[in-house]
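Reader: I'd like a close look at one part of this model, the aromatic rings and whatever sits around them. Could you walk me through it?

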Amino acid sequence: QMQLVESGGGLVQAGGSLRLSCAGSGRTFSSYTMGWFRQAPGKEREFVAAIRWYTFYADSVKGRFTITRDNAKNTVYLQMNSLKPEDTAVYYCVADATRSSRYSNEYGYWGQGTQVTVSS
C-alpha cells in the first residue's frame, strides 16, 4: 500500500518557477515508478512526467520541467520552470509498483492533488 501527499502548489506569474513535492509511505518506495499527471478545468487528465531509474516527459513540458526522486526521503519532486498559463491545473502525484506508463489508468496510487495557477 502506498499513500501519497503532494505539496508545493500555488500561484505564480508566467515565466516563474515552482517545485512540487510528493511524499510517499512504505518501505519499498524506491522500487515504485513515481509520476505526475495534471488536469485543467474542462480538460482530460494528462501525463506530465515519470521516473523509475530513468525519466520520461510529456512533450509539452520537456525542457521546462524536471522530475527527480530522493529515495532516502521517500519523496519525488517536480521542478517546474518557465511556467506558462496553460500549465495551470491540479497536479497529481502517482505511483505504481510494476509499470512505467504515460497512461493514467496504469497507476494504482494517486495523491489528492495540488493546485498550480500561472497568471499571465
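Which residues do ring pairs link into a cluster?

Author: Sure. First the ground rules: this is a predicted model, where local features need pLDDT of at least 70, side-chain atom pairs count only at pLDDT 80 or more, and totals for chains, interfaces and linings use all residues. Residues are numbered from 1 along each chain as its sequence is written, and side-chain values use heavy atoms, with hydrogens and water left out.

The cluster linked by ring pairs takes in Phe37, Phe47, Trp53, Tyr54, Phe56, Tyr92, Tyr107 and Trp110. Rings of Phe, Tyr and Trp (its six-membered ring) pair if their centres lie within 6.5 Å; planes under 30 degrees apart are stacked, over 60 edge-to-face, and the rest tilted. By that rule there are eight aromatic pairs.

Take Phe37 and Tyr107: the ring centres are 5.5 Å apart and the planes sit at 70°, so this pair is edge-to-face. The two residues come from distant parts of the chain, 70 residues apart, with Phe37 in strand 4 (residues 33-39) and Tyr107 in the loop between strand 9 (89-96) and strand 10 (109-110). Strands here are DSSP runs of E, at least two residues long, numbered from the N terminus. Both Phe37 and Tyr107 are buried (buried means under 20% relative accessible area, exposed over 50%, partly exposed in between, with a 1.4 Å probe and protein chains only).

Tyr92 and Trp110 are edge-to-face too, because their ring centres are 6.0 Å apart and their planes are at 65°. Tyr92 is in strand 9 and Trp110 in strand 10, so this pair ties together parts 18 residues apart in sequence. Tyr92 counts as buried at 14% relative accessibility, while Trp110, at 27%, is partly exposed.

Tyr92 has a charged neighbour as well: Arg45 lies over the face of its ring, 4.3 Å from the ring centre. For that label, NZ of Lys or CZ of Arg has to be within 6 Å of the ring centre and within 35 degrees of the ring normal.

Strand 4, home of Phe37, also carries Arg38. Arg38 forms a salt bridge (a side-chain nitrogen of Lys or Arg within 4 Å of a carboxyl oxygen of Asp or Glu) with Glu46, at 2.5 Å from N to O. Arg38 has another salt bridge, to Asp87, with the closest N and O atoms 2.9 Å apart. Arg38 is buried at 5% relative accessibility, and so is Asp87 at 1%, whereas Glu46 is partly exposed at 35%. A network of salt bridges links Arg38, Glu46, Arg64 and Asp87.

Definitions and conventions
Helix = DSSP H or I, 4+ residues; strand = E, 2+ residues; numbered from the N terminus.
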